[in-house]
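Reader: I have a structure open and some questions about its charged pairs and its pockets. Can we go through them?
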Amino acid sequence: FILDLTKYARDPESVTGQLNELISEFGGEVLVSQLWDERKLAYPIKNQKKGAYWLIYFRMDGGNLVAFERQCELNDNLLRRLILKIDPRLAEPLVQHAQAGETAAAKPAATR
């Protein structure tokens, strides 16, 4: 997901919480939810030049996906989204890798 950076900067917990709640509302299960990066966009989207890239791994029934994507389009905090189906054989290693990155980011860097 690409989030509106100005709204994310004002209240990150609310913006990301809305995404997690939206996934849960449509019967999904959030596995990992974390900030990927904040960067300048290649072109303006909804008059925004910067965005917060938010990575979420989740499970959801395919039948709920169309309604979920429609709600994403209506959400003012979201600039863009890309939802990919991951091969079940790759899902667990990807989630573990994202969780490892999440815990590494939470630890303070060692001083030399």
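**Salt bridges and the pocket**

Author: A salt bridge joins the side chains of Asp37 and Arg39, at 2.8 Å from N to O. Here a salt bridge is a side-chain nitrogen of Lys or Arg within 4 Å of a carboxyl oxygen of Asp or Glu. This is a predicted model, where local features need pLDDT of at least 70 and side-chain atom pairs count only at pLDDT 80 or more, while totals for chains, interfaces and linings use all residues. Residues are numbered from 1 along each chain as its sequence is written, and side-chain values use heavy atoms, with hydrogens and water left out.

Reader: How many salt bridges does that rule give?

Author: The count is 6.

Reader: Is Asp37 buried or exposed?

Author: Asp37 is partly exposed, at 28% relative accessible area. Buried is under 20%, exposed over 50%, and partly exposed in between (1.4 Å probe, protein chains only).

Reader: What about Asp87, which residue does it meet?

Author: The side chain of Asp87 meets that of Arg89 in a salt bridge of 2.7 Å, N to O. Asp87 is partly exposed at 30%, and Arg89 is exposed at 70%.

Reader: Which residues are joined into one network?

Author: Glu69, Arg70, Glu73 and Arg81, through salt bridges that share partners.

Reader: Changing topic. What is the lining of the largest pocket made of?

Author: The lining divides into 20 nonpolar residues, 1 polar and 5 charged. Nonpolar covers Ala, Val, Leu, Ile, Met, Phe, Trp, Tyr, Cys and Pro; charged covers Asp, Glu, Lys and Arg; the others, Gly among them, are polar. A pocket is an open set of points on a 1 Å grid over the protein atoms alone, where a 1.4 Å probe fits, with protein on both sides within 12 Å along at least five of seven lines; lining residues have an atom within 4 Å of a point.
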